[in-house]
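Welcome, and take a moment to turn the model around before reading on. The report below starts with the overall fold and then moves to a few places worth a closer look.

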Amino acid sequence: VTDARRDIYGDVIPNPTGSTKDYGILISTKDGKYSFRAIKYETSLFGGSSGIGNPSGIGAVIRQGLRFRNVFSYDLGGYTWETRNQPQSRNTWGGSIANGDPVNGADQTLTPAQGRALEDAAISTWNDIQAYLTPKGFFEAWGFTPVPLEHLGTRTQIEADYVNGDLPTSSKYYPAPVGSENSVVYGYGSSPPPGFTVTADTVSKGYEVEFTANPLPNWRLAFNASKTQAIRSNVGGQVLDDFIAYLDDKLTNTPAGNMPQFGNTSLSIYANVYGPWRSNYVLMKLQEGAAAPEIREFRYNLITNYTFTSGFLKNVGVGGSYRWIDQVIIGYPVTGTGTFDLTKPYYGPSEDAIDLWASYERKLSKKLNWRIQLNVRNAFSGNQVIPISVQPDGKTWASVRVSPVQEWFVTNTLSF
């Protein structure tokens, strides 16, 4: 039993639906020795499972945005509550010691007042983002609990409640009961909901052919091949699209996306966190109307088996098969505008394999038959790694898998 598919808010995604139309012909000889079958098909799938690169990055964007919201809200020298009230460039946007200000801000060209205005605006926007996501179940689905909404405020509002340079526990802006502050200020995870899935609609079209031959009563040959093309639409699904559209608005039309990290304006939330992750979404959406990259266009199989009917090898069978699959798309180059060029994909290698087997069969009694068979799967497989994704330069592998290993196994079958 597998987990239900879930969206970014942990809500169950309905099962995919679809329909298939196929047309085929079958031609065979009268004696049944030879037959040929061909099929043309078209399958429409709605709400099928798709994929997006680095899904945990969705949670990481919100996690880091809220963490630095807290850094600026409480003057955190690190991330934890114990480091509060430590003014420095990490938690101060504007100001310059050279101009007589108390600390250097992340952007020393700004006055403290200008920096404070940006801080309050950015904090307020991240508060709005939290308020937007909370009733949708985002934080419960991703496994972390931020500062409760009723305790949020801007930096100016929070500092207005200070007593003797610190936020008293009686303040409505105090983040959590004493001793549990870090659980809401810093202790954020970013694990996708169990069963997290992005969806897409797909129309698959293709052909399948199969040829079977029995030139001798004890010799069988079979060959099959297929050609498949799958075109995607509605990639990602409406829920994810709405989520990205909301973040795009908040992180480009307010100072929230420009909030600096680590006292460095070049490491803003958008440039350092959201933008790099968003490229995964852009690549996914570029596949709208394009062929599904994980689908191999061609594949074929050849199988043969021969059983000896006389001599000292009587009842011994030998056979083998050859499997071949086409190359597959593993990445795309990046254009000068920063998007992916789907017209010039990078391909991973085609793959093939050989399986071998030998068997022996005999009757143990009038009603009991015994058969033993030795199989060698991937008979000539070596120790190799196969690229499954590549960096935009087309040369640097981003991820790999181990090639199928050689397997030996023996089966015994009794039939009666």
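The protein chain holds 7 helices and 15 strands. Its radius of gyration is 31 Å, well over the 22 Å that the globule rule gives for 416 residues, so the chain is more spread out than a compact globule. Please keep in mind that this is a predicted model. Along the principal axes, the C-alpha trace spans about 105 × 45 × 40 Å. Of the 416 residues, 40% count as buried. Among contacts with a separation of 6 or more, 64% are between residues 24 or more positions apart.

**Salt bridges**

Side chains of opposite charge can pair when their charged atoms come close. In this model the count comes to 17 salt bridges. Here are some of them, with the distance between the closest N and O atoms.

| Salt bridge | N to O distance |
|---|---|
| Glu-119 and Arg-116 | 3.2 Å |
| Arg-296 and Glu-351 | 3.0 Å |
| Glu-361 and Arg-371 | 3.2 Å |

Let us begin with the pair formed by Glu-119 and Arg-116. Both residues lie in helix 2 (residues 112–133), 3 residues apart, which is about one turn of the helix. An α-helix has 3.6 residues a turn, so residues three or four places apart point the same way. Is Glu-119 buried or exposed? Glu-119 counts as buried because its relative accessibility is 3%, under the 20% cut-off. Arg-116, at 24% relative accessibility, counts as partly exposed. This pair also belongs to a wider arrangement: Asp-75, Arg-116, Glu-119, Arg-155 and Glu-159 are linked in a network of salt bridges.

Next comes the salt bridge in which the side chains of Arg-296 and Glu-351 meet. It links distant parts of the chain, 55 residues apart: Arg-296 sits in the loop between helix 7 (269–286) and strand 7 (298–307), while Glu-351 is in strand 11 (residues 351–363). Arg-296 and Glu-351 are both buried.

Strand 11 also supplies a partner to another pair, Glu-361 with Arg-371. Here Glu-361 is in strand 11 and Arg-371 in strand 12 (residues 369–377), with their positions 10 residues apart in the numbering. Glu-361 is partly exposed, with a relative accessible area of 30%, and Arg-371 is likewise partly exposed at 27% relative accessibility.

**Gln-130 in helix 2**

Back in helix 2, we find Gln-130. With a relative accessibility of 2%, Gln-130 counts as buried. What does the side chain of Gln-130 reach at 2.6 Å? It reaches the backbone oxygen of Val-147. Leaving aside residues up to four places away in sequence, Gln-130 touches Leu-66, Arg-69, Phe-139, Pro-146, Val-147, Pro-148, Leu-149 and Leu-152.

**Helix 7**

Helix 7 has 18 residues, and from its first C-alpha to its last it reaches 24 Å, close to the 26 Å expected at 1.5 Å a residue. Where does helix 7 bend? The bend, of about 40 degrees, is at Gly-275, and a proline, Pro-276, follows within four residues. Buried residues of this helix include Val-273, Tyr-274 and Trp-277, together with Ile-269, Arg-278, Tyr-281 and Met-284. The cover over these buried residues includes helix 1 (56–74), helix 2 and helix 6 (238–252), along with strand 4 (219–236), strand 5 (260–261) and strand 6 (264–268).

Conventions:
Residues numbered from 1 in each chain as written. Predicted model: local features only at pLDDT ≥ 70, side-chain atom pairs only at ≥ 80, totals over all residues. Heavy atoms only, no water. Salt bridge = Lys/Arg side-chain N within 4 Å of Asp/Glu carboxyl O. Helix = DSSP H or I, 4+ residues; strand = E, 2+ residues; numbered from the N terminus. Buried < 20%, exposed > 50% of the residue type's maximum accessible area, 1.4 Å probe, protein only. Expected span 1.5 Å × (residues − 1). Bend = angle between axes of the 7 residues up to and from the residue. Contact = heavy atoms within 4.5 Å. Polar contact = N/O pair within 3.5 Å; in protein donor to acceptor, adjacent residues only side chain to side chain. Rg over C-alpha atoms; globule rule 2.2 N^0.38 Å.
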